[in-house]
Amino acid sequence: MPPSPKPRLSAPHRAALERNTWFTSMPRAQRDALVGAAELIHVRRGAMVFRQGDPIHASGGGFYGLVAGTIKISSLRRDGREAILAMLEPGIWFGEITLIDGSPRTHDATALEALDLLVVPPDAFARQMRDVVFSNAIAAMLAARVRMLYGLTEDATLRSLRARVAHRLLVLARGDATQSVDVRRAVVLSQEALAMMLGVTRQTLSKELNALAGEGVLGLGYGRIELLSLDALQRLVSTG
């Protein structure tokens, strides 16, 4: 049986992948094998990539590489309250946890705009994991995410709200889960979404943002927060 054709990636798709330091840290052979094992699919805005509780072999499930669009990772309580855990941007790979431990999906993944998505099926992911270079790369990915989770836990338990706001803005400036080496000077995100990420009310967050804006640290616009002083934000994080 002939091998399946590789996904037809556009130049912007490839550029998105190459911006991810996790992906580029692997040798070319492993990168090509991963992309070659994937199918390129298109997901409409508002659709669910997966839902909390989906099993490992749910239709369309696998290890995902986002090459266009933005995804919201969130959890919705029965009373309708939502917690936004991360915003995924092009270049990120995700969905590995369920494929490693076989347990259901831990959260919802929702397309905030139309997506182009690479999907590596579970069986193909398992074959990739037999390659020690790839499995070591997955271990490094998990380690980075554990570090991030520890940081968020420290925020919630030890830091003031203003320090938490500063820290999350700096994380978002690097692409949130993507964590690029480049820091953007603006975060394109609604204040409501940021409040959901921090677990506070919109009114409480607005008070903190307006105070920081009054000090010249931030600039506030519609659906956009300008980071006017990265040094001041970092000092807030350091002093807690």
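Colleague: Quick one to start: over how many bridges do β9 and β11 pair?
Modeller: Two, and the pairing is antiparallel. Two strands count as paired when DSSP finds at least two bridges between them. One of the links puts Ala186 opposite Glu226 of β11. Before you read on, this is a predicted model: local features need pLDDT of at least 70, side-chain atom pairs need pLDDT 80 or more, and totals for chains, interfaces and linings use all residues. Numbering starts from 1 along each chain as its sequence is written, and side-chain values use heavy atoms, with hydrogens and water left out.

Colleague: What's the strand order in that open sheet?
Modeller: The order is β9-β11-β10, three strands with antiparallel pairing. Strands here are DSSP runs of E with at least two residues, helices are runs of H or I with at least four, and both are numbered from the N terminus.

Colleague: And which strands sit at the edges?
Modeller: β9 (186–187) and β10 (218–221), as each of them pairs on one side only.

Colleague: Switching topic: is β3 buried or exposed?
Modeller: Six of the six residues of β3 (residues 63–68) are buried, so the strand is largely enclosed by the rest of the structure. Buried means under 20% relative accessible area with a 1.4 Å probe, protein chains only; exposed is over 50%, and partly exposed is in between.

Colleague: Which strands does β3 pair with?
Modeller: β3 runs antiparallel to β8 (residues 115–120), joined by five bridges, and Gly65 has Leu118 as its partner there. β3 also pairs with β6 (residues 93–94) in the antiparallel sense, over two bridges. In that pairing, Tyr64 is matched with Phe94.

Colleague: OK, the inside now. Which residues touch the most other members of the largest nonpolar core?
Modeller: Val165, Leu169, Leu189, Leu194, Leu218 and Leu227, out of 26 residues in that core. A nonpolar core is a set of buried Ala, Val, Leu, Ile, Met, Phe, Trp, Tyr and Cys residues joined through side-chain atoms within 4.5 Å.

Colleague: Which elements supply at least two residues of it?
Modeller: β5 (82–88), α7 (161–173), α8 (191–198), α9 (202–214), β11 (224–227) and α10 (230–239). The most comes from α7, with seven residues.

Colleague: What does Leu194 touch?
Modeller: Leaving out residues up to four places away in sequence, Leu194 touches Arg168, Leu169, Leu172, Leu189, Leu205 and Ile225. Touching here means heavy atoms within 4.5 Å.

Colleague: How many residues are in the second core?
Modeller: That separate core has 20 residues, including Leu9, Met26, Leu118 and Ala124. You've met Leu118 already, as the partner of Gly65.
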